[in-house]
Amino acid sequence: TVDLLDWNSLFDSRTKLSRPLLIPNRKTGQLEPLLSRFSEEEELQMKRVLQRMDVLAKRAMEKGVRLMVDAEQSYFQPAISHLTMETQRRFNKSRPIIYNTYQCYLKEAYNNVTGDMERSRREGWHFSTKLVRGAYMEQERERAAQMGYEDPINPTYEKTNEMYHRCLDYVLEEIKHSRKASVMVASHNEDTVKFTLRRMMELGIHPSDKKVCFGQLLGMCDQITFPLGE
């Protein structure tokens, strides 16, 4: 678990990382420092990660470009998301600069999107996201089976599509009502692109608003990319 109020102090070089990073001890039920066994060198390496992220975010703001933080396996993702959200809280005050990635093949995708969106509303910063389906299905399921926990992946391709459209629609509704949200639809799925365009028309979101953008790998789906560009 992470105290989000303390997370900002991680960017302060004077803060010892063990203070805000706590995990429960399964035997005692008490919270203990995650990094208590880290050496000084390992703690320094973590500090460098935070400082580099800060440098990248400042550079993106100076250049007026978007910085998108990719997603990884679910067992790494909480740390990545916390770092990204703290960076969003600091740099997305006036416009969307930092984008967090949500993998919609995960069963918890909608809960993650709605929970993080609610935090952005409370704290008054722009919620910006890249939505993807996901890329680590075999690794996720193999690890879940080996370690005896529930498979975090949606059971079928159709369920993943439903999850993607549900998350996307939630963000589009937020764009319509608050204008303090942005989304990259990172998809090679033609039905998803058509769904997005239809919902944008229904909600009155115009391309010139620059709240919705699309992304495909170069050359993978030119039949989708080229019409979007026109």
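These are my notebook entries on a sheet, the helices beside it and one residue in a predicted model.

**Entry 1: the sheet**

I began with the strands and found that 5 of them form an open sheet in the order 3-4-5-6-7, with parallel pairing. I noted that strand 3 (67-69) and strand 7 (212-215) are the edge strands, each of which pairs on one side only. From one strand to the next, the twist averages 25°. As a reminder to myself, strands of a sheet pair through backbone hydrogen bonds, either parallel or antiparallel. I then looked up one pair in detail: strand 5 (residues 127-132) and strand 6 (residues 181-186) pair in the parallel sense over 5 bridges, and in strand 6 it is Val183 that stands opposite Thr129. Helix 4 packs on this sheet, where it touches strand 4 and strand 5, and its direction makes about 155° with that of strand 4.

**Entry 2: helix 4 with helix 6**

Next I followed helix 4 (residues 109-123) to helix 6 (residues 157-178), and found that their axes come within 9 Å and cross at roughly 15°. Because angles under 35 degrees count as roughly parallel, helix 4 is described as roughly parallel to helix 6. Helix 4 passes helix 6 in a right-handed crossing. On the side of helix 4 the contact is made by Ala109, Tyr110, Val113, Thr114, Met117 and Arg121, and on the side of helix 6 by Met163, Arg166, Cys167, Tyr170, Val171 and Glu174. I sorted the residues of this contact into 8 nonpolar, 1 polar and 3 charged.

**Entry 3: helix 3 with helix 4**

I then turned to helix 3 (residues 77-91), which packs with helix 4 at an angle of about 25°, their axes being 11 Å apart. That angle makes helix 3 roughly parallel to helix 4, and helix 3 passes helix 4 in a right-handed crossing. Met85, Glu86 and Arg89 of helix 3 make the contact with Asp116, Arg119 and Glu123 of helix 4. Sorting the residues of this contact gave me 1 nonpolar, no polar and 5 charged.

**Entry 4: Asn100**

Last, I looked up Asn100, which lies in strand 4 (residues 98-103). Is Asn100 buried or exposed? Its relative accessibility is 0%, and since buried means under 20%, Asn100 counts as buried. Leaving aside neighbours within four places in sequence, I listed the residues in contact with Asn100, among them Val69, Gln77, Met85, Asp116 and Thr129. Of these, Met85 and Asp116 also take part in the contact of helix 3 with helix 4, while Thr129 is the residue opposite Val183.

Key: Residues are numbered from 1 along each chain as its sequence is written. This is a predicted model: local features need pLDDT of at least 70, side-chain atom pairs count only at pLDDT 80 or more; totals for chains, interfaces and linings use all residues. Side-chain values use heavy atoms; hydrogens and water are left out. Axes are lines fitted to C-alpha atoms, for helices over the stretch in contact, and angles run from 0 to 180 degrees between N-to-C directions. Helices (H or I, at least four residues) and strands (E, at least two) are DSSP runs, numbered from the N terminus. Angles under 35 degrees count as roughly parallel, over 145 as roughly antiparallel, 65 to 115 as roughly perpendicular and the rest as oblique. A crossing is left-handed if the near helix is turned anticlockwise from the far one by less than a right angle, and right-handed if clockwise. Contact means heavy atoms within 4.5 Å. Ala, Val, Leu, Ile, Met, Phe, Trp, Tyr, Cys and Pro count as nonpolar, Asp, Glu, Lys and Arg as charged, and the others, Gly among them, as polar. Buried means under 20% relative accessible area, exposed over 50%, partly exposed in between (1.4 Å probe, protein chains only). Two strands pair if DSSP finds at least two bridges between them.
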